[in-house]
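Student: Please take a close look at one internal space in this structure and tell me what surrounds it. After that, follow whatever leads on from there.

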Amino acid sequence: MAHPERTASPAAEQPAAEKPAPARPDPRTWLVVLAACAAQFLVVLDVSVVNVALPSMRSDLGLSAVGLQWVVNAYSIAFAGFMLLGGRAADLFGRKRIFLLGLGLFTAASVAGGLAQEGWQLVAARAVQGLGAAVLAPATLTLVTAAVPAGPARTRAIGTWTAVGAAGGAAGGFVGGVLVDLLSWRWVLLINVPVGVLVMAGGVLWLTESRTGGGRKLDLPGAILVTGGLAAVAYGIAQTEQTGWGASATLVPLLGGLALLGTFVAVEARTAAPLMPLRVFRSRAVAAANVSMLVVGSTSFGMWFFMTVYAQGVLGYTPLQAGLALVPSSVSVIVGSKLAPRLIPVTGARNLAVLGALVAATGFGWQSTMTADGSFLVTILGPGVLMMVGMGLVITPLASLATSGTAPGEAGLVSGLVNTSRTMGGALGLAVLSTVAAARTGGRTSPEALTEGYALAFRTATGVLLAAVVLMLLWLPRPSGTASEKA
């Protein structure tokens, strides 16, 4: 089989045996891609689908402003913190097994969240959902690449997987709005159940088991330390809204989280099979791109969060109207992401990342001029499109720089690291920006007061993006220096 040219001539039946081979796997192969893409759609959809439902969740379950942001953050932090562990587990224990385990956990947590009667139950279910997503998401891409041979077919399959992921994020606001308006907020979670069951059935029937783990061990302590540390830091930041920076309720989780993160670094430096090998950060491109991704990503979750609560809480939009209002912004992310690969050869990855961050900063700055009686065109459509086109333009070149600056054998690890940086940056950024907005609002609930808080959050995000521009100009490898990225 390794040398078909040596075996084709001795027997006439050999070519006949080989001819059907390319045709026979095609239907099954694309069924595997379909199952993987459907799971990826669910995972990405749940990052954004709850945003439109947040006001309804708040009124139904009596959630505080801090509790509301943790409906988003609990999912994001668990998702980002355990993503690298999920990828390692898929290699070690089998991709099909881990795919089904993650999907089952995700689906069960969706049931629990949809039936929650208390705010803490919803937040806990979202955290378990994030854990299931972290186990599931890395397996979806490895299943695609394992099922489709290298070449144009694999490129198309990965392109499909990427587009489906982007579509999941873009569809979140609209899907959530439809479900909340026609049914209730509970269905933004319960809708995952029938879809999850169908995808699980397809996975059982279509997927074949594969693994490449060798003798590696699962670094569970590393995953628990990094996730616990980041969750504690995010909680400490959120506590400042009620207690201030000097109170023990703020300092204890902040310092405890930093201690856990320091312990994580120490453990990763000594363990034989680390979750995050620290050697990858010796590459300038990997280190700079991941830090830049974390800083840029810290503004993205806040954009969706504040735009949603502004549209419904200040402008009086229904959930469906809010979802529809954000569709152009969602589509803009896809447009920016599709344009970026074509622009990179012309501008260079570093220059395009800087340009994208500047475009996004312009949109955030424009959004910070929002008023309590703003119009759709001026306070949602225009700035939203700029913000999201910019995000699409900046994320792709940063991911390209990160993966180009590492050894081929570590490309999967670095790809997971980029996703982790972006997601965790978004979770921590949302905690900071929510605290900034709440400090300006000062407990007032009038539309004017809420708008002041949201506007300050967008001004803060603008400053963060401008700082990211300076960071990228100083640290990212220059266009002519790709060979020096590892320096």
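Tutor: Start with helix 6, which gives the most to the lining of the second largest cavity, with 4 residues. Keep in mind that this is a predicted model. The count of cavities of 30 Å³ or more comes to 2, and the second largest has a volume of about 40 Å³. Its lining consists of Ala80, Gly81, Met83, Leu84, Val226, Leu230, Leu275, Met276, Thr420 and Met424. Two or more of these residues come from each of helix 6 (65–93), helix 12 (220–243) and helix 20 (411–441). By type, the lining of this cavity holds 8 nonpolar residues, 2 polar ones and no charged ones.

Helix 6 and helix 20 turn up again at an open space, the second largest pocket, where each supplies at least two residues of the lining. Helix 5, helix 15 (300–313) and helix 21 (447–475) also supply at least two each. About 500 Å³ of space lies in this pocket. Its lining has 20 residues, and those nearest the centre are Arg58, Ala65, Thr441, Leu450 and Tyr454. Here the division is 10 nonpolar, 7 polar and 3 charged.

Helix 5 leads to the next topic, the salt bridges, of which the count is 2. In one of them, the side chains of Asp60 and Arg186 meet at 3.7 Å, N to O. This pair links distant parts of the chain: Asp60 belongs to helix 5 (residues 54–61), Arg186 to the loop between helix 9 and helix 10, and 126 residues separate them. The two partners also differ in exposure. Asp60 has a relative accessible area of 43%, so it is partly exposed. Arg186 counts as buried because its relative accessibility is 17%, and buried means under 20%.

Stay with Arg186 and look at what surrounds it. The loop that holds Arg186 runs between helix 9 (152–182) and helix 10 (187–190). A polar atom of the Arg186 side chain lies 2.7 Å from the backbone oxygen of Ala116. Leaving aside neighbours within four places in sequence, Arg186 is in contact with Asp60, Leu61, Gly114, Leu115, Ala116 and Gln117. Asp60, the salt-bridge partner, is therefore one of the contacts of a residue with a relative accessible area of 17%.

The other salt bridge joins Glu452 and Arg444, with the closest N and O atoms 3.2 Å apart. Neither of these partners is buried. Glu452 has a relative accessible area of 34% and is partly exposed, and Arg444, at 40%, counts as partly exposed too.

One more residue is worth a look. Ala399 sits in helix 19 (residues 376–404). At 24% relative accessibility, Ala399 counts as partly exposed, because the buried class stops under 20%. Leaving aside neighbours within four places in sequence, Ala399 is in contact with Met293 and Val418. Ala399 can also be placed relative to Ala353: the two are 46 residues apart in sequence, and their C-alpha atoms are 9.9 Å apart in space.

To return to your request, the space you asked about is the second largest cavity, with its volume of about 40 Å³. No charged residue is part of its lining, whereas the lining of the second largest pocket includes 3.

How values were computed: Residues numbered from 1 in each chain as written. Predicted model: local features only at pLDDT ≥ 70, side-chain atom pairs only at ≥ 80, totals over all residues. Heavy atoms only, no water. 1 Å grid on protein atoms, 1.4 Å probe; cavity = no way out; pocket = protein on both sides within 12 Å on 5 of 7 lines; lining within 4 Å. Points joined across faces, edges and corners; volume = space filled by probe spheres on them. Nonpolar A, V, L, I, M, F, W, Y, C, P; charged D, E, K, R; others polar. Buried < 20%, exposed > 50% of the residue type's maximum accessible area, 1.4 Å probe, protein only. Polar contact = N/O pair within 3.5 Å; in protein donor to acceptor, adjacent residues only side chain to side chain. Contact = heavy atoms within 4.5 Å. Salt bridge = Lys/Arg side-chain N within 4 Å of Asp/Glu carboxyl O.
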